[in-house]
Every structure is written in structure tokens, then in C-alpha cells.
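Please work through the exercises below with the sequence and the structure side by side, trying each task before reading its solution.

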Amino acid sequence: MYERFEIASRVGGGPPRSQDAIRVGSMRRIAAAKLRYCGLDTLIDEVMIIVSELLTNAVLHSGTRQITLSLRLEHGVLHIAVADGMPGRARRRDIDGEAESGRGLALVDALVQENGGRWGTSDNDSETWCSLVVLPEQPRPPAHRIVSRPQVRPRSPE
């Protein structure tokens, strides 16, 4: 999956335009649909949070006008990348309990570690990426076996 979208360049600390904030939600839902299509349902919750956090950081902190989200599955690893084309390293911050923001990359870090992956930025700091290990799913029973029926045991001759 490769999605590129335009946003308004932010100057100063004001909030993003509502249509830019809505775009983050749209990209999150597109990512979930792609994962569902690929049979990666077990990662949807984690990926939706990661995508939301990485895209929100790009919208809020990059000052760019164009953001790219990519997801690719390769050799049992799901790669997620958000590129904004602007230098500026994403850093996990230590925050106190009163802070209203700043927890996003700590959350990304925890989810990535929980899924056997890692995260970082590109050499020029214009892309933040992470990788999640995709565990093989248990085979699903055929649809006609999902509903269990009581089994009738033959009587033993007495």
C-alpha cells in the first residue's frame, strides 16, 4: 500500500486544518482495510494506532505539504513508513502525568516491541518507520465447522 496526500503547511503552533486531521482517520481506515484484505486481522488494532500516531506527528510537526504512508509485507515482517520529506528526527519524549500530549512515540515503541519489531527514522530524518513481526495464524476451520453441533454417539451393544 502506498498513499500520498496533501495537507496545508502549518506555521506556528496552531491546530491543523480539520480536513488534514480527518485525513489521518481516513488513512487509518484504509490501512485497516488493506490488512483485512491481506488476512492480517490480528494486527489491525496495533497498526491503526501506529499509523495514527506517525501521521499525526507528521501533520503537527513537519511543516510539509505532502505526506506519504506506506505498508508492505516482506518475509513475515510488516513495514510501516510515514514520510514527510522534512528533516527532523522523531524522538520519544519523557513526559509527566499532567502532559496533554507527547505520548505517541512511547505508545508506538511499546506496540512495536510487543510485536517483536523495531522503529526509527531514515538517515535524513524525513521518514519515520517501524516493523512488526507477523506471526503465522492458526488455520481457521472451514465455515461449516464453525458452528458446533452436538455429536451423536452410537450406542454400544449391551
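## Around helix α3

**Exercise 1.** Find the residue just after α3 that takes a positive phi, and then work out which residues of this helix are buried and what covers them.

*Solution.* Start at the end of the helix: just after α3, Gly116 has a positive phi of about 65°, in a model that is predicted. Next, step back into α3 itself, which spans residues 104-114, where the buried residues are Gly104, Leu105, Val108, Asp109, Leu111 and Val112. Finally, look at what lies over these buried residues: the cover includes helix α2 (44-61) together with the strands β4 (118-121) and β5 (127-133).

**Exercise 2.** Place α3 in the chain by describing the order of helices and strands.

*Solution.* Begin with the inventory, which is four helices and five strands. Then read along the sequence, where these elements follow the pattern β-α-α-β-β-α-β-β-α. As a last step, consider the contacts in the chain with a separation of 6 or more, of which 60% join residues 24 or more positions apart.

**Exercise 3.** Decide for Cys38 and for Cys130 whether each is buried or exposed.

*Solution.* Take Cys38 first: its relative accessibility is 52%, and because the exposed class begins over 50%, Cys38 counts as exposed. Cys130, with a relative accessible area of 1%, is buried, since buried means under 20%. A search of the whole structure for disulfides finds zero. For the wider setting, buried residues make up 34% of the 158 residues in the chain.

Methods: Residues numbered from 1 in each chain as written. Predicted model: local features only at pLDDT ≥ 70, side-chain atom pairs only at ≥ 80, totals over all residues. Heavy atoms only, no water. Buried < 20%, exposed > 50% of the residue type's maximum accessible area, 1.4 Å probe, protein only. Helix = DSSP H or I, 4+ residues; strand = E, 2+ residues; numbered from the N terminus. Contact = heavy atoms within 4.5 Å. Disulfide = S-S within 2.5 Å.
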